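Please open the structure in a viewer and keep the sequence at hand. The stops below proceed from the whole chain to individual side chains.

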Amino acid sequence: MEYEPLTLKFLQQHSIGMNREINSVPTIELSVDIGKTAHQLISMLEKVSKFQDTLFQSAILKQMITRYYRFMQLKAIYLPNVLLVPTLDIEIIWQTHLLRPEIYRADCIRLFRQVVDHSLVTTDIQQFLKKQAFIDTCHFYEERFGEKYCELA
């Protein structure tokens, strides 16, 4: 998925409170939509905060990691042709794993023989397809692992 590059311009504040662009600092272009991505991450953290007392009990955490590993197996099998949607518990583990990119990359190659890309659903088309993609993900997960995808006990 490609994003429109984000251009950051650096401003210097005058003593009278007006801003002017600093011409000597280069423009930085990022290939991710920071606004949309940050919004989605904040939304996820707000959802997680409601469950923080129970999510990190060792039995629940173990189940979350197992479900994450299984989801990643599906991603490796269907990548990149099928949009798979993680549940909140899987997303928490995935985001945590991504905080250590070198370890994430090494784990992916060791476990799945490829780096499994994580792209948040940010485009209007993806948002539109998300509901059906979640249904498909439930079906693939239940078919492969013989248990409900949506439940976390």
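**The whole chain**

Begin with the entire chain in cartoon representation: its secondary structure comprises 6 helices and 4 strands. The model is a predicted one. Tracing the chain along the sequence gives the order β-β-β-β-α-α-α-α-α-α.

Next, display the surface. The accessible surface of the chain amounts to about 10,800 Å², and carbon and sulfur atoms account for 56% of that area. Of the 153 residues in the chain, 29% are buried. Contacts may be displayed as well: among those between residues at least 6 apart in sequence, 58% join residues at least 24 apart.

**Helices α3 and α6**

Select residues 58–78, helix α3, together with residues 124–145, helix α6. The two axes come within 11 Å and cross at roughly 105°. Helix α3 is therefore roughly perpendicular to α6, since angles of 65 to 115 degrees fall in that class.

Show the side chains where these helices meet. On the α3 side, select Arg67, Arg70, Phe71, Gln73, Leu74, Ile77 and Tyr78. Their counterparts in α6 are Thr137, Phe140, Tyr141, Arg144 and Phe145.

**Helix α4**

Move to residues 88–98, helix α4. Is this helix largely enclosed by the rest of the structure or largely open? It is largely enclosed, because 8 of its 11 residues are buried. To see them, select Asp89, Ile90, Glu91, Ile92, Ile93, Trp94, Gln95 and His97. The buried set thus includes the charged residues Asp89 and Glu91.

**Three salt bridges**

A search of the whole structure yields 3 salt bridges. Which residue partners Asp89 in a salt bridge? Select Arg67: the two side chains meet at 2.7 Å, N to O. Arg67 belongs to helix α3 and Asp89 to helix α4, so this pair ties together parts that are 22 residues apart in sequence. Both partners are buried. Arg67 has already appeared at the previous crossing, among the α3 residues that meet α6.

Now select Arg70 and Glu147, whose side chains form a salt bridge at 2.9 Å, N to O. This pair links distant parts of the chain, with Arg70 in helix α3 and Glu147 in the segment after α6, 77 residues apart. Arg70 counts as partly exposed because its relative accessibility is 22%; Glu147, at 30%, likewise counts as partly exposed. Arg70, too, is one of the α3 residues in contact with α6.

For the remaining pair, go to Arg110 and Asp107, where the side chains meet at 3.1 Å, N to O. Both residues lie in helix α5 (residues 101–112), 3 residues apart, or about one turn of the helix. An α-helix has 3.6 residues a turn, so residues three or four places apart point the same way. How do the two partners stand in exposure: buried or exposed? Arg110 is exposed, with a relative accessible area of 58%, whereas Asp107 is buried at 18%, under the 20% cut-off.

**A nonpolar surface patch**

Finish by returning to the surface and selecting Ile125, Phe128 and Leu129, which make a nonpolar patch of about 370 Å². Centre the view on Phe128, a residue of helix α6. With 68% relative accessibility, Phe128 counts as exposed, because the threshold for that class is over 50%.

Note on methods
Residues are numbered from 1 along each chain as its sequence is written. This is a predicted model: local features need pLDDT of at least 70, side-chain atom pairs count only at pLDDT 80 or more; totals for chains, interfaces and linings use all residues. Side-chain values use heavy atoms; hydrogens and water are left out. Patches are made of residues with over 30% relative accessible area and no salt bridge: like charges are joined within 9 Å, nonpolar side chains (Val, Leu, Ile, Met, Phe, Trp, Tyr) within 5 Å. Accessible areas come from the Shrake-Rupley method with a 1.4 Å probe; for residues, only the protein chains shown count as cover. A salt bridge is a side-chain nitrogen of Lys or Arg within 4 Å of a carboxyl oxygen of Asp or Glu. Helices (H or I, at least four residues) and strands (E, at least two) are DSSP runs, numbered from the N terminus. Buried means under 20% relative accessible area, exposed over 50%, partly exposed in between (1.4 Å probe, protein chains only). Axes are lines fitted to C-alpha atoms, for helices over the stretch in contact, and angles run from 0 to 180 degrees between N-to-C directions. Angles under 35 degrees count as roughly parallel, over 145 as roughly antiparallel, 65 to 115 as roughly perpendicular and the rest as oblique. Contact means heavy atoms within 4.5 Å.
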